[in-house]
Amino acid sequence: MPVKALIFWIIFCAAHFPGFCQENTALLHQLQFADSLLSSGNPYDAVTEYERVLFFDTRRQFTFRVLAGKASAYHQGGKYQEAAECAELAIDAAPGISKIREMQFFLIQNRLLQHNTAAVYGLLDAMRQNKANDTIAAALQYWYGWAKMFDDDWEQAANYFGECDSADFLKNFCLDVHNKKYPVSFIKFISLVLPGSGSIYTGHYLSGALSLGWNVLFGYLSVHAFQEQRILDGFLIADLLWLRFYTGSLENAEKYAIEANKKIYIESLHFLETEYQGAKP
Amino acid sequence: MHVFLFLCIFGIATVQAQNRRFHSPTEKFAFAGHLYCTGQYYRAVEELIPIAVGDSVHYLLGQCYLALDNISATLNELHAIKDRNLQSGLVQNCARQLLVSNSKQLLFSELFADKNRFHSPAMLPVQISYRFLFEEYLPDTTQLKESPAAFRNFLLQQHVKREHGQYNPLLAAGLSAVVPGLGKIYAKKYEEGAFSFLLTGLFTYLTLQNIRHHHATRAWITGSSALLFYGGSIVGSYASAVLATQQEQKSIESETIHFMKENNSFLPAEKAVVPCR
């Protein structure tokens, strides 16, 4: 080959080399720009810029990074459903097992924030069935525990955290919450035996005392009516007044217990959200 | 010399590589098209606003605004378009949106202000349907003859239905004043009419019986009830006629819209700026 031709080809290839790199470099810049928007707390614009990378990345080199970034941006912006959709796509596009796991755990946390525990269990079950995930069994138990907490099953959550090495705080916390919660069936039972006692048990003293008073009064009146052979009066008082207050006391006790438990549930999750330092949704 | 040439070309290519930021108007427009096609209208608008020059951009902006239900912004973009074909395409989409969302009269005058926008014979059904639905009259026979046979027949049939679906509320009230419940039967509320007739009749009969047997108090009670039912029957017949007319009109409207959708009376834009795959 003549020397001139050789030189020409060298120049040609060298000159076009930046052209090949051009797309990569520009896309990388764009991706960094999107990342910077995300880290500066601008998730809306970050999503647009990630989308731009995805659109111009014709060779699909940055698909995973873009989808993961988009998922984070949506998550940061409180758009959990969109974040979950992006995370699912990112899992499909993930280059290796570690990235897949990373996105799966992200998805679990996102689904927990959506209170979609059914999806979390599905995902965790699928991960547990995969032999490759045997090494992260403790992490799976940890997130099972979180899912149980969101399901308001604190005892079961404590069991799951008990199987993790470094989740003693959460285990004890769950047991505390479980002990703090009011036993609804027991409260209904004591209200059945002594009307108003269930309300008093849950801290509603006035309501409990009133319930007890009404029941005593109408119980006395109906018994008295029967004793005086005023059968119709007795039936009417018992049916329309005594029974109404008796069932009302039962329903009130159950309602107060459920409300109190709901309050405990919300306060507990709020405490974890603000105070707990470990991995959390 | 070769080295110099190499450096020049390499330098230019490198600078170009550094400068490409995917924010040129062409790239922005292409990206906005992608955003529009994936339903991200707000983002598409944000991309298009800085480059709002040219018919295609205005058209796409108009489509985005339309998708966002911002009709006034859509109109602004419509006025900015100079190309007749594009303008017509956007107007068609506007018409479709309005017809589907049943926003009566909202843009009617605006959309049909310029006759040249609808020079195409294929647009005739849209015009006729609009007049039929919104202005509530059947276009003249010349226009009807020019439209497709199936459409023409359907519209005539709907027109007849509409003529028959008009109930005069005063007539209904008058009928009920003569015979209680007859007005309701006129408004095709047969069960209510029969019920009204029987109840008024029953209380009238009881009143007469009580008067005959000199039970003054009972006669007052039953007589008042009879009067109440009689008055109720008259007022109810009036309301039933109004309601029945409205229901009939609504059913005709939805049938017409359904027919238009089924038969694809709306044409796609003549020149698709951003074909969504």
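# A guided tour of two helical chains

Start by selecting chain A: of its 281 residues, 42% are buried. Keep in mind along the way that this is a predicted model.

**Stop 1: chain A as a whole.** Switch to a cartoon view and follow the chain from its N terminus. You will pass 13 helices and zero strands, so the order of elements is simply α after α. Now turn on the surface. Chain A exposes about 15300 Å², and 60% of that is supplied by carbon and sulfur atoms. For contacts in chain A between residues at least 6 apart in sequence, 52% join residues at least 24 apart.

**Stop 2: a nonpolar patch on the surface.** Next, select A:Phe186, A:Phe189, A:Leu192, A:Val193, A:Leu194, A:Tyr201, A:Leu212 and A:Val216, which together make a nonpolar surface patch of about 760 Å². Two elements of chain A give two or more residues to this patch: α10 (184-193) and α12 (205-227). Which of them gives the most to the nonpolar patch? That is α10(A), with four residues.

Zoom in on A:Phe189, which is found in helix α10 of chain A. Is A:Phe189 buried or exposed? A:Phe189 counts as exposed because its relative accessible area is 53%, and the cut-off for that word is over 50%.

**Stop 3: the largest nonpolar core.** Hide the surface and look inside. The largest nonpolar core has 79 residues, and those touching the most other members are A:Met103, A:Ile108, A:Tyr142, A:Trp146, A:Met149, A:Phe161 and B:Leu48. To see where the largest share of this core comes from, select residues 137-150 of chain A: this is helix α7, which supplies eight residues.

Now center the view on A:Tyr142. Beyond its neighbours within four places in sequence, A:Tyr142 is in contact with A:Phe161, A:Cys164, A:Ala167, A:Leu170, A:Tyr276, A:Gly278 and A:Ala279.

Apart from this core lies another one, of nine residues. Select B:Phe132, B:Leu144, B:Phe154 and B:Phe259 to find some of its members.

**Stop 4: chain B as a whole.** Finish by showing chain B alone. How many helices and strands are there in chain B? There are 14 helices and zero strands, and from the N terminus on the elements again run α after α. Chain B has 277 residues, and 42% of them are buried. With the surface on, chain B exposes about 15400 Å², with carbon and sulfur atoms supplying 62% of it. Among contacts in chain B between residues at least 6 apart in sequence, 58% join residues at least 24 apart.

Technical notes: Residues numbered from 1 in each chain as written. Chains lettered and ligands numbered in written order. Predicted model: local features only at pLDDT ≥ 70, side-chain atom pairs only at ≥ 80, totals over all residues. Heavy atoms only, no water. Patch = residues over 30% accessible without salt bridge, like charges linked within 9 Å, V, L, I, M, F, W, Y side chains within 5 Å. Areas by Shrake-Rupley, 256 points an atom, 1.4 Å probe, with all protein chains shown as cover. Salt bridge = Lys/Arg side-chain N within 4 Å of Asp/Glu carboxyl O. Buried < 20%, exposed > 50% of the residue type's maximum accessible area, 1.4 Å probe, protein only. Contact = heavy atoms within 4.5 Å. Core = buried A, V, L, I, M, F, W, Y, C linked by side-chain atoms within 4.5 Å.
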